[in-house]
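Hi everyone, thanks for coming. I'd like to walk you through one model today, so let me put it up on the screen.

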Amino acid sequence: MTTLQEQFDATVAHSDRIEPRDWMPEGYRKTLVRQIAQHAHSEIIGMQPEGNWLTRAPSLRRKAILLAKVQDEAGHGLYLYSACETLGVSRLELTEMLLAGAQKYSSIFNYPTLSYADVGTIGWLVDGAAICNQVPLCRTSYGPYGRAMVRICKEESFHQRQGYELLTTMMRGTDEQRAMVQESVDRFWWPALMMFGPPDADSPNTVQSMEWGIKRNTNDDLRQRFVDMSVPQAEALGVTLPDPALRWNDERGHHDFGEPDWEEFMAVVKGNGPCNAQRIAHRRRAHDDGAWVREAALAFAERSAEESRA
Amino acid sequence: MPETEWPLWEVFVRGKRGLNHVHVGSLHAADDEMAVRHARDVYTRRNEGVSIWVVRSTDVTASSPDEKDPMFAPSGDKVYRHPTFYAIPDDVPHM
Ligand SMILES: [Fe+2]
Ligand SMILES: [Fe+2]
């Protein structure tokens, strides 16, 4: 007779999936709840910086694209909340933990979108970094999380391509438009690198997460992959990535690059980024303003059910 | 008064004609009609389906708390249920 722990270990060792009704160690469940919730919150809060440009998109075509993209991000949040709820937390608890600051979201969404070019840069770099993070998560050991990631990854490629196409269009425009793109890339490059989390040496949970098959790659691995992918894309676009240390290293077969400002990263994570307060206040307002709708719909459903019984 | 959540629904989508409905995830809705509408927006924004079923999560009866329990073990030793159990000479066609 094998113990529950042994069964769990064997499943993970075979790269099989753990499903909601399986026994799992408490630490595994907690880590998953934290990671999936943080991921879901990021998708939901992530609608705000881009939503900022919805009413000011320069054409109907661009507006339709941006609307579809932002709606996708809402969908991503919902897939992930659904996966998280299979671990025994409720949606309301998750929302309340976000609003109370007890659970985090990606620090990238605490930066403002100051120009319309930011819509393109976010699609290219921010969704690009998200893709790097998310593709390996399709093989994560927790079934519902992996399946949500598969759905999300199918949609992300549209996000990145529309952003890159937007930037190429601006780069074919006027000098001012090209300067706008460069200025936007200058602001987003380093925060995009920070999306992969702190360096491996300062990421104590990574080892355990990899043993459990939750994470498949370390933060530094994924960051390197992202830099290597972005350099030729930047060249094709005709922008300069704002890192004087960035150069190809023949020996390593990778690009060397500079160190992100980890003090800034920690400050933003702790709540002191340019938009932290604004993002949460907006989310809280949306939640509070929607309360009467949720109540009314529930009351209507109850009355309809009673009437059909009568 | 503490807020009551809308109930949870499991969503099943038929990808195209000729396929079964497959479980795709869950969502919250006040009633069944709203659950179908939400499922349409959340799970089929790109022609992922031609038909949607929703069922209240509390109405799902599962085989057991553990997905890999002995309920499925007996089929393991009934190998004669599989076509590969039977040796047929190579020169017999269409089998
Ligand atoms: Fe997303
Ligand atoms: Fe995206």
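Let me begin with a question: in the hairpin of E1(B) and E2(B), which residue takes a positive phi? The residue is B:Gly18, with a phi near 95°, and the hairpin has six residues between the strands. Please keep in mind that this is a predicted model.

Let's stay with chain B for a moment. Strand E1, residues 8–14, runs antiparallel to E2(B), and seven bridges join the two. If you want a pair to click on, B:Phe12 stands opposite B:His23 in E2(B). E1(B) also pairs with strand E3, residues 51–56 of chain B, again in the antiparallel sense, over six bridges. There, B:Trp9 has B:Arg56 in E3(B) as its bridge partner.

Now over to chain A and the metal. Which residues hold the iron ion, ligand 1? The protein donors are A:Glu43, A:Glu73 and A:Glu156 through OE atoms, plus A:His76 through ND1, and they lie 2.1 to 2.5 Å from the ion. Along the chain, the donors follow the spacing E-x29-E-x2-H-x79-E. The arrangement of the four donor atoms is irregular, because the angles they subtend run from 81 to 153°, whereas a tetrahedral site would need all angles between 85 and 135 degrees.

There is a second iron ion, ligand 2, and it sits 3.3 Å from ligand 1, with A:Glu73 coordinating both. A:Glu43 belongs to helix H2 (residues 26–45) of chain A and A:Glu73 to helix H4 (residues 60–85), so this pair ties together parts that are 30 residues apart in sequence. Are these two glutamates buried or exposed? A:Glu43 counts as buried at 7% relative accessibility, and A:Glu73 is buried too, with a relative accessible area of 5%.

My last stop is helix H5 of chain A, residues 91–99. Its buried residues are A:Arg91, A:Leu92, A:Leu94, A:Thr95, A:Leu98 and A:Leu99. Looking down the axis of H5(A), you'll find these buried residues within an arc of 160°, so they line one face of the helix. That fits a general point: an α-helix has 3.6 residues a turn, so residues three or four places apart point the same way.

And what covers the buried residues of H5(A)? The cover includes H2, H4 and helix H12 (276–289) of chain A, together with strand E2 (21–28) of chain B. After H5(A) comes A:Gly101, which has a positive phi near 80°.

Thanks for listening!

Key. Residues are numbered from 1 along each chain as its sequence is written. Chains are lettered from A and ligands numbered from 1 in the order in which they are written. This is a predicted model: local features need pLDDT of at least 70, side-chain atom pairs count only at pLDDT 80 or more; totals for chains, interfaces and linings use all residues. Side-chain values use heavy atoms; hydrogens and water are left out. Donors are N, O and S atoms within 2.8 Å of the metal (3.2 Å for Na, K and Ca); water is not among the atoms, so sites may look incomplete. Four donors count as tetrahedral if all angles lie between 85 and 135 degrees; four count as square planar and six as octahedral if opposite donors are over 155 degrees apart and all others between 65 and 115; anything else is irregular. Helices (H or I, at least four residues) and strands (E, at least two) are DSSP runs, numbered from the N terminus. Buried means under 20% relative accessible area, exposed over 50%, partly exposed in between (1.4 Å probe, protein chains only). The arc is that of the directions from the helix axis to the C-beta atoms. Contact means heavy atoms within 4.5 Å. Two strands pair if DSSP finds at least two bridges between them.
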